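Here's a quick briefing to keep beside the sequence and the viewer. Have a look through the structure first, then use the notes below to find your way around.

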Amino acid sequence: MVHIYVCTTSALRTRVLTEDLGLAREPDNVIAIFPLPSSWPHLTTYPVTTLPWSLYPPYFTMAEIQNSNPTILNAADLPTRLRPTATRKSEYAGIFTSALPLAPVDFESAPSSDSEDDNLLEEPIDEQEIYDLISSISDPEHPISLGELAVVSLPDIAIRPTLPDVPDSPLQTVTVLITPTITHCSLATVIGLGVRVRLEQSLPSRFRMDVRIKEGTHSTGDEVNKQLADKERVAAALENGALMGVIAKMMETCH
Amino acid sequence: MSPKVTITHLSDLTPPSQERTWLTAPHPTLPIVATCSSDKTIRVYSLTNFTLLSTITGGHKRSVRTAAWKPHMTGESVLATGSFDATVGIWRRWDSYGQEEGAGLGMNSGEKQTPADTLTEAPNGTDTDTAGREEDEEEWRFAVLLDGHDSEVKSVSWSASGMLLATCSRDKSIWIWEDLDDGDNNFETVAVMQEHGGDVKCVSWHPSEECLASGSYDDTIRLWREDLDDWGQVACIKGHEGTVWFLDWEGEEAEGKWNGPISESVSESELSALQAQWRSQRALSGPRLLSCSDDRTVRVWRRQPKESQQTGALSSAATGIPSIIRPTGTDEVWEEDAVLPHAHELPVYAVAWNKRTGLVASTGADGRIAIYEERFVTLEQEQQADSDAMDTTSGDVLRTEWVLVGVQDGAHGIYEINHVAWAKRADRGSGGEEEVLVSTADDGSVKVWTVTR
């Protein structure tokens, strides 16, 4: 059964789900939040057909797709170490076909997903590994991965020492720049949170996450970045059932 | 940097929480602290033997973010806790930790402590005591739940008198509650202030006056006072370029104890002259305010003395737009007194101003604890170093500079540190009046440090 949650204009603080991480008291079954025209009586339920879909865009919805026709990259063309592909070679194929040895494509030896956890602790973690962790997350509104949508891409991932002036410090900062599919995508915060949660759950604690919207790709990028960098808000979001349900769904496709 | 203090690990508080701990609040008189954890509990530890005394459970449905002890209580301790569940809990307990733990912490005097007693702790005493305590109603009693905020409560603070409790939240509001002290745990809402443009991250009361400072996600620090029965904003300090995470006040000078700047390069008589000048200056502007921010900086703010405000108010960029409604008489002008030397590479989550020694401690996401000391800048030094030093004071104001005197990297290993506080040292190794630094981290650990000059 589909539940529609309706709020009046005066109760618009409930739109925290996208504007504000860490929604405190939302019912678990929210799929859309609407502002209503002020002339409407402040009832709590309306038949779905009477909702002003055309007048007011919902503040948050899983039902309506904002960008119904995104550019999708071929999954086989994405860089990965998890399965042997000729991705990075393919662009050179025309020139080097005969020069390259065919057999050892993945000379850095792909870790199997079973032993991944052990490898995380022992082997140095590089950008490719970060990419493999987050590219398989699904977009919240498309059944397509963030890698295929080019929301995350390998060149936009960087790892650097957190404390450059302390040479023996184990702390490292992982920077991930996110490119939303459209500049006003209201789900950018949720996507960013998904990436941050995925990394926090997968990487050792010595890593500091720096997940940001790539400059110039989003109308309210600074606002989203400030939310994503706020430890307290992220911590509160992780305790929020509704929001974590969305995040969990995005991660269903992860290895 | 000239390292002048030694930071030494004294002990961990054990057993630790298995989840993130946010803050540790030292009791105003007893040698105990309360640690807030993401596991929805508050742990009360002893600073005498560094072990867990009680775990307060059952009150909050989400992470406990903050806690503060009500001052001036005798015979009973009162703790306010703020949680991500949007509520504030008030907890009470008759003071009896001292007797039970054999540490001689009398109800009447927190000072009375015989070192021998701390050594003779009954090995099996704790378990039987716990069972007995519940029957004797000596456990923590849940007194009242203050409901009003719309979202996560971030910080709580009791006024110096203990009459007022300030709470703040992600809902951008600050609530002031009056503890009616009617024996029935009634609290009255005195004011709700909603001027902040973002989450209010911290509130902190002036050490003696009914003046509240708040720091926010909107990057500002605001000061609030009551004027003719109405609470209102008296200053809006814009200076930080990121969320203001924490605030602390300078201690007021106690009888015969110097907690102001120091100097090593002047004679005894010159120093006392400097101190006298400093005293009169502080008498005019009052205790300063210390802040730390997501912008990686730690700053000190000073109120402009009232008489010089007449000219300064118009030109100062430190205030917001003058209020039309409020007479300008209540408005205060706060100026940046200093930006402390750069010590943090990531957000600075907490600062603590030692009320007795004047030392400042800061900590944050980079897992580092930094200690700073304020020093007088004498005339000769000033001439040598030209004019562009750390300090920003001008004119007839006495010049000081802040020096980074100690750094502890990886104080909690690889983990972020969320809070740091000064507490009176109470273990048997202590000699006389001395403070320890208590730091609280993401892995649930709470560490106690000595800081020696």
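Two residues are in contact if their C-beta atoms, placed from the backbone, lie within 7 Å. With that in hand, start where the two chains meet: 17 residues of chain A are in contact with 19 residues of chain B. Keep in mind that this is a predicted model.

**Where the chains meet**

- On the side of chain A that touches chain B, helix 8 (residues 231-238) of chain A gives the most, with three residues.
- What kinds of residues does chain A bring to the side that touches chain B? They split into seven nonpolar, four polar and six charged.

**Chain B overall**

- Chain B has 28 strands, along with six helices.
- Of its 453 residues, 49% count as buried.
- Take the contacts in chain B between residues at least 6 apart in sequence, and 60% of them join residues at least 24 apart.

**The nonpolar cores**

- The largest nonpolar core holds 102 residues, and the members touching the most others are Ala67(B), Ala80(B), Ala166(B), Val351(B) and Ala361(B).
- Strand 22 (residues 348-353) of chain B supplies the largest share of this core, six residues.
- A second, separate core has 38 residues, including Val152(A), Val211(A), Leu228(A) and Ala235(A).
- Which residues does Ala80(B) touch, leaving aside those up to four places away in sequence? Among them are Ala67(B), Ala68(B), Val88(B), Ile90(B) and Leu165(B), plus Val156(B), Trp158(B) and Lys70(B).

**The annotated repeats**

- An unreviewed UniProt entry places the feature "repeat: WD" at residues 57-91, 146-178, 193-224 and 437-453 of chain B.
- Over residues 57-91 of chain B you get 54% strand and 0% helix, with the end C-alpha atoms 11 Å apart.
- Residues 193-224 of chain B are 56% strand and 0% helix, and the end C-alpha atoms of that span lie 9 Å apart.

**A hairpin to look up**

- Strand 16 (residues 220-227) and strand 17 (residues 230-238) of chain B pair in the antiparallel sense, over eight bridges.
- Within that pairing, Arg225(B) stands opposite Gly232(B) in strand 17 of chain B.
- The hairpin of strands 16 and 17 of chain B has two residues between the strands, and Leu228(B) takes a positive phi near 50° there.

How values were computed
Residues numbered from 1 in each chain as written. Chains lettered and ligands numbered in written order. Predicted model: local features only at pLDDT ≥ 70, side-chain atom pairs only at ≥ 80, totals over all residues. Core = buried A, V, L, I, M, F, W, Y, C linked by C-beta atoms within 7 Å. Buried ≥ 20, exposed ≤ 12 C-beta atoms within 10 Å, placed from the backbone. Helix = DSSP H or I, 4+ residues; strand = E, 2+ residues; numbered from the N terminus. Nonpolar A, V, L, I, M, F, W, Y, C, P; charged D, E, K, R; others polar. UniProt positions renumbered as here; feature names shortened; annotations may be inferred. Pairing = 2+ DSSP bridges.
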